[in-house]
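Please work through the exercises below with the sequence and the structure side by side, and try each task before reading its solution.

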Amino acid sequence: MANPYPQVYFGDRIIDAKQASVGVASSAVMYGLSVYTVFPVLVDGSARTAFRLDDHFRRLEESCKIIGIDRFAAEWDFARFRTAIIDLIAANAPTEDVFVRATVHVVESIPGTRVRGCAIQVSIFVYDAVPIVPQDGMRLKSSPWRRIPDNAIPSRAKVNGAYVNSVLAKQDAIDSGYDDCIFLDGNGHVCELSAANIFLVRNGTLITPDVSCDILDGINRRTILTLAAEDGIPIVERTIDLTELYIADEVFVTGTSSGTSPVAEVDGRLIADGRPGPLTQTLRKRHTAALRTDTHHNWLTPL
């Protein structure tokens, strides 16, 4: 389990985590009406850097826009967001890598099922950078629970309430002895894991569901696609049948909280010989290096 750090950002200031609370009558509690993003902060001695911080802020903006949370754009810009992160990291002074979760809560009290014009509160907290999936070859199970379609709850928005879908699917996988689930859409096509994007490799080609397949347009997903393209790896984004995973040369997943991690087994079927494949290992090394030493994408923000 990951441990949270004691200082959090809440109410436009740094306070003790025990003092931060959202009302039980707020939309965030009553309807799960909040959006969030999670990003890593890498620590190297006294140097601390956030990975793709501007993209994560943009994701908060876009999630709010999709859901109709209009107060965030009016009250926040990137400069304010970066300052809040700098202050929070300084207050907690981590000596190891951490994850940072920033959330926009709708805190209007008993507003009914509406969102525009409702008051918001931003919370930001820091916790140990503990991966949420095994890093040496995970076992995945296709879920009986279907991924919520974009025309029901938008997949491009990281809405807290929508993660009930992920909880149902992952708990089913855990109860069945697996590490995580694979979501399928209503037509049986592969979407993603409970909280990570998925890739497969066949005959040297990197294949992943496209952004119209009810997936989160993940920032680390985009990172992998960029790095693969720079390495000259052929890339195809399209719909994927579940059985394609069974006969893939390699399968791996990516996300802030999962890293770039190999898949050893899907639905009881071994992926190739069950060990990380060459493209998985190459892209994992490139991703890991980019988190700390990116020099030409402008992905690192000093804190």
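The exercises that follow deal with pockets, a surface patch and salt bridges.

This is a predicted model, in which local features need pLDDT of at least 70 and side-chain atom pairs count only at pLDDT 80 or more, while totals for chains, interfaces and linings use all residues. Residues are numbered from 1 along each chain as its sequence is written, and side-chain values use heavy atoms, with hydrogens and water left out.

**Exercise 1. The largest pocket**

Task: find which residues lie nearest the centre of the largest pocket, and which element gives the most to its lining.

Solution: Begin with the term itself: on a 1 Å grid over the protein atoms alone, a pocket is an open set of points where a 1.4 Å probe fits, with protein on both sides within 12 Å along at least five of seven lines, and lining residues have an atom within 4 Å of a point. The largest pocket holds about 960 Å³ of space, a volume being the space filled by probe spheres set on the points, which are joined across faces, edges and corners. Of its 44 lining residues, Tyr36, Ile132, Tyr163, Ser194 and Ala195 lie nearest the centre. Next, turn to the elements, where helices (H or I, at least four residues) and strands (E, at least two) are DSSP runs numbered from the N terminus. Helix H5 (163–175) is among the elements that give two or more residues to this lining, and H5 gives the most, with six residues. Finally, the lining divides into 23 nonpolar, 13 polar and eight charged residues, where Ala, Val, Leu, Ile, Met, Phe, Trp, Tyr, Cys and Pro count as nonpolar, Asp, Glu, Lys and Arg as charged, and the others, Gly among them, as polar.

**Exercise 2. The second largest pocket**

Task: state the volume of the second largest pocket and describe its lining.

Solution: The volume of the second largest pocket is about 340 Å³. Its lining has 19 residues, and those nearest the centre are Phe99, Thr256, Gly259, Thr288 and Leu291. At least two lining residues come from each of E3, strand E13 (259–266) and helix H8 (278–293), and H8 gives the most, with five residues. By class, the lining of this pocket has six nonpolar, 10 polar and three charged residues.

**Exercise 3. Pairs of opposite charge**

Task: for the salt bridge between Arg139 and Glu265, give the N to O distance and say which parts the pair ties together.

Solution: A salt bridge is a side-chain nitrogen of Lys or Arg within 4 Å of a carboxyl oxygen of Asp or Glu, and by this rule the count comes to 17. For Arg139 and Glu265 the N to O distance is 3.2 Å. Arg139 lies in strand E7 (residues 138–146) and Glu265 in strand E13, so their pairing ties together parts that are 126 residues apart in sequence. Arg139 is partly exposed at 29% relative accessible area, whereas Glu265 is buried at 15%; buried means under 20%, exposed over 50%, and partly exposed in between, with a 1.4 Å probe and protein chains only.

A second pair joins Glu244 to Arg238, with the closest N and O atoms 2.7 Å apart. Here Glu244 counts as buried at 17% relative accessibility, and Arg238 as partly exposed at 28%.
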